[in-house]
Amino acid sequence: MSTPATRTWHEPSLAEVDPEIARLIDEEERREADTLRIIASENYVSRAVLEASASVLTNKYSEGYAGKRYYEGQQSIDPIEQLACSRMAALFGMEHVNVQPYSGSPANLAVYFALLSPGDTVMGLGLASGGHLTHGHAVSITGKYFKSVPYGLRASDARIDLDQVRALAKEHRPKLIFCGTTAYPRTIDFAAFGEIAREVGAVLAADISHISGLVVAGVHPSPAGIADVVTTTTHKTLRGPRGGVVMCKQSLAAAIDKAVFPGLQGGPHNHTTAAIAVAAHEAARPSFKVYAQAIVDNAKALAEGLSARGFDLVTGGTDNHLILIDLTKKGVTGKVAAKALDRAGIVGNYNAIPNDPRKPFDPSGLRIGTPAVTSRGMGLAEMAKLAAWMDEVVQAPGDDARIARIAGEVKELCAGFPAPGLRV
Ligand SMILES: *Cc1c(COP(=O)(O)O)cnc(C)c1O
């Protein structure tokens, strides 16, 4: 067998063929090297994941599933997809895995298509409370084609209001309940959701997109054995390629597979499938547990540093990788703060806070997270610096000299922590 290392190119490079795109990719790599990326849903994949993503597998059509394809030439593809599925099943303790969804949103759509008919009732955490668009939001197809009954947070402590979930579930008898969040800094009580779903005969889907890396490492409880269906993106804390996965009990496997293909999609993205297999392999190593624990330790340290500087944190802190900041008392909007921080090389995103009086395009909050900075090996000392810089920027978002100084300091810090997957 030949090995890729013995092969050489006979064609011009990207930089030669398309210097414009090559330069933009180069600039993005530079940006990812020189900035503190604290968007809670982002990360750095390893070089190994990157290599699989950028492989010739992108050339191949493979409609169907391993052993039942509609095209020939699957000698490598079938074992790759089988490895991705078996590794993910072992990692998450789930009976059946489908790795073909193109991303997290299509993975969730497959759940609806497999288990519901148009007009059926679905419950999910409201978008304004930290839920995802695909959990039944009005602008999403999931809110247009299905009857959506959103639940929310307790006014007293901004935690998911499980009493309300139960009351609404008993009143509306949903076929499907989604639990899972995009901007919620606390642990999800899967067991409580499981009880409620059983009481009303609903299917429980746990969307662990943000926290799947924490779940496999055991630093967040797992929905395995509780939820009927588990969906996740593969590119957030799990540190894989951009992709989506649906996992389920064996009894739902045929319906889920049929919904993904031929229900919603054509050919799977085999380069992504291979990269998911690599990411699952990496996440099964002991070092990944250390990584996931460090994500949470860093988030807690950053939360403490920010609290000590007068930042108002939704729920007062964090249990996971994510912090939601209410900037109201700082006298600055989420958008102004996010844009000033970006100029300082600290890249997060503006975000609504629970019951935000402001509009989603310029809300009162900032959402930040530690998965990417932790992938660079940063720790508690760096989180202390980050909190201090964030405070300086938010205090004077228009002070260009100060922001330029901080951007330089950030770049210098970043140089000491080379990121996975980037050329140095
Ligand atoms: C990120 C996310 C998704 C969607 O993933 P995309 O890949 O952006 O489509 C779905 N659900 C939750 C909870 C998420 O955090």
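Visitor: Where is R173 found?
Guide: This is a predicted model, in which local features need pLDDT of at least 70, side-chain atom pairs count only at pLDDT 80 or more, and totals for chains, interfaces and linings use all residues. Residues are numbered from 1 along each chain as its sequence is written, and side-chain values use heavy atoms, with hydrogens and water left out. Helices (H or I, at least four residues) and strands (E, at least two) are DSSP runs, numbered from the N terminus. R173 is found in the loop between α7 (162-172) and β7 (176-179).

Visitor: What is the phi of R173?
Guide: R173 is not a glycine. Even so, its phi is positive, at about 45°.

Visitor: Which helix holds P262?
Guide: P262 follows F261 through a cis peptide bond, with omega near 10°. The place of P262 is in helix α10 (residues 250-264).

Visitor: How many residues of the shell around the ligand are charged?
Guide: A residue belongs near the ligand if one of its heavy atoms lies within 4 Å of it. The classes are nonpolar (Ala, Val, Leu, Ile, Met, Phe, Trp, Tyr, Cys and Pro), charged (Asp, Glu, Lys and Arg) and polar (the others, Gly among them). The shell has no nonpolar and 11 polar residues, and its charged residues number 2.

Visitor: How much of the ligand's accessible area does the protein cover?
Guide: Polar contacts are pairs of N or O atoms within 3.5 Å; an oxygen atom of the ligand is 2.4 Å from an N or O atom in the side chain of S103, and a nitrogen atom of the ligand is 2.5 Å from one in the side chain of D207. Of the 380 Å² of accessible area (Shrake-Rupley method, 1.4 Å probe) that the ligand has on its own, the protein covers 86%.

Visitor: Which strands stand at the edges of the open sheet β11-β12-β15-β14?
Guide: Two strands pair if DSSP finds at least two bridges between them, and here the pairing is antiparallel. Strands β12 (residues 322-326) and β15 (residues 365-369) pair over 5 bridges. Two other strands each have a single partner, so one side of each is left without a neighbour in the sheet: β11 (312-313) and β14 (349-351).

Visitor: Which residue in β15 is the bridge partner of I323?
Guide: β15 covers residues 365-369. Within β15, the bridge partner of I323 is I368.

Conventions: Polar contact = N/O pair within 3.5 Å; in protein donor to acceptor, adjacent residues only side chain to side chain.
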